[in-house]
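Please work through the following exercises with the sequence and the structure at hand.

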Amino acid sequence: MSPLDLKIFLKEENKVLRGSQILRKKNHRFLDRTNFMIENMHLNKAYHFLETKDEDQLNYLKKNYADYRKKWLEQSKQFFNKDLLQKDFISKKIIPLSIDIEVSAMCDLACPFCYRETIVTPDKIIDDKFCYDLIDQASELGVPSIKFNWRGEPLLHPRLHDFIRYSKKKGILDTIINTNATHLTPEVSSKLIEAGLDHIIYSFDGGTKKTYEKMRPGRFEYNKFEDVMKNIKNFDKLKKEMNSKFPYTKIQMILTNETINEIDEFFNNFLEFVDDVSVIQYTERGGNMNELNEEELKMYKEKITEHNLSDSSFYIRDLSEGIKVSKNRLPCEQPFQRLMITYEGRVAMCCMDWGAIYPVGYCNNLAFNNSKDYKKVIDSVNKNKKGFELLSRVKLQENLNSPDKSIKTIKEIWYGEEIHKVRTKHCQNKGEEISICKNCSYANVHNWV
C-alpha cells in the first residue's frame, strides 16, 4: 500500500460511524452521494413521475432525502441505552429507512470470501407479483429507499429495470443495486438508466487480472477481468451519451491478503469512470488465523494479551493501523434502519443474517414451503453438477427463530413483537444474547482496539 497518495475516511459521508472505514485517493474529488442526490433531485424519476411538479414539491423531496440520510446515522441512537417500549417505536412513527428486496438469490460467481461458499443459497429469482406487492407496501409506509438485491446478483433477474421503474412511479426516492457487473451489457445498462436507477455499487476485488480472476471466479464460465472492466467503462460512456446524471456510481474492493498490495492499481483503473472509488475493510473471526500474515498475527497476539481478551476474538484489518481486535460488543443499528426480504418472503433485520435464518416474520407462503430449493443445491453439489464444483463446502443452516407461520405485511413485521425483542436486547447492550447476533462479525457492532 502506498503511504503517499491515500487518505482514510470514516464511512458514510465521512461522518463518524463507529469502526468502519473506507480508503480513498488523496486529491480525488469524489462526488458526495447525499449532495449529489439533493442537487439533482429535479432529475430524479420520483420527481419526474409526480402529477404536479413545482418548486415546493422539489424542496419537499430534497428535505425527505436529507432527512433519510441523517436518520440512517441517528435513528437508532435515540433508543440505545434506554428502555425501549414497542408503543414508543410506533408513537414516534419510526419507519424503515430501506427495504432490501432479493430479486435474485442466484449468482454467476463463486467468490471465496462470500457466504455462498459455505451456506446453501438457492439459484432462484423473486416472483414478479410478490415483488410489486412489496414495493407497494414500502411506498405506502413511506420508505425512502429500496435496494434490489441481497444474496445474489440482481442483473440475473430479467425484469429488474421494470421493478426499478415501478418503484420510482410509487415515489421511492433512492433505488439501489449492488452488482458484480458481469451482465452489465449495453442493453441492460440502457434499461437501468432509463428506468431511473439512482445508485449502482460495483463489487470488484483486485487491481490486476490475476488477483481479480482468483477472487471472483465464474461458476458457469470463466470470468474475465477485461470483460467486466469494459462493462463498467461502457456504462459510464453510455450515461454520458444518454446525457444522464443518474445513477450515481460507486466501486469498492474488499481489503484482503490478495488485494492489499493492489490498491493503487485498483484506484487507477476506475478513477475516470466511477463517481466514488473506495476500499473497505474485511472482518474475520479471530480463530481463522490463516487469514493473517506473520506480522499481523504477531500484532493480533499482542493486542489480545494487552487487553486480556480471548484468542478467538474478532479482528479487523484497520486501514491505517494494521490489525485491531474487538474489546467488547456495541448495540447494532440495523434493526432500527432496515428490513431484508428473501425471494421467498423470509424477513430479516440485518444483512449479516444470511438467508434470514433468524426470521422476524414472513411475507409470502413460499417461505414455509421452499425446503426443496435448498436441498436441490446440496444435491447438485453432491452430483458435482456444472456451476456447483466450487461450492463443495456448503451446508444447510438451521432456523434460529420461529415466528408464527402467518403472512404479514412489512408494516406489521416492522412494528411486530419478534423484531421488538431484538431491538430491546440491543438497547440494553445485550445483543450477544440474540442467537444470530452472538457471533456477528459486522464491524459496527464491535469496540475495536
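Two exercises with worked solutions follow.

This is a predicted model, in which local features need pLDDT of at least 70, side-chain atom pairs count only at pLDDT 80 or more, and totals for chains, interfaces and linings use all residues. Residues are numbered from 1 along each chain as its sequence is written, and side-chain values use heavy atoms, with hydrogens and water left out.

**Exercise 1.** Describe the surroundings of strand S7 (residues 248-254).

*Solution.* Strands (E, at least two residues) and helices (H or I, at least four) are DSSP runs, numbered from the N terminus.

Step 1. In S7, 7 of 7 residues are buried, that is, under 20% relative accessible area with a 1.4 Å probe, protein chains only.

Step 2. Tyr248, Lys250, Gln252 and Ile254 point one way, while Thr249, Ile251 and Met253 point the other way.

Step 3. Strands pair if DSSP finds at least two bridges between them. Strand S6 (residues 199-203) runs parallel to S7, joined by 5 bridges, and Ser203 stands opposite Gln252.

Step 4. Strand S8 (residues 276-280) also pairs with S7 in the parallel sense, over 5 bridges; there Val279 is the bridge partner of Met253.

**Exercise 2.** Determine how many residues of helix H14 (residues 417-427) are buried, and what covers them.

*Solution.* Step 1. The buried residues number 8 of 11, among them Ile419, Val422 and Cys427.

Step 2. Their cover includes helix H4 (86-91), strand S12 (338-341), helix H13 (410-414) and helix H15 (435-438), where contact means heavy atoms within 4.5 Å.

Step 3. Just after H14, Asn429 takes a positive phi of about 60°.

Conventions
Buried < 20%, exposed > 50% of the residue type's maximum accessible area, 1.4 Å probe, protein only.
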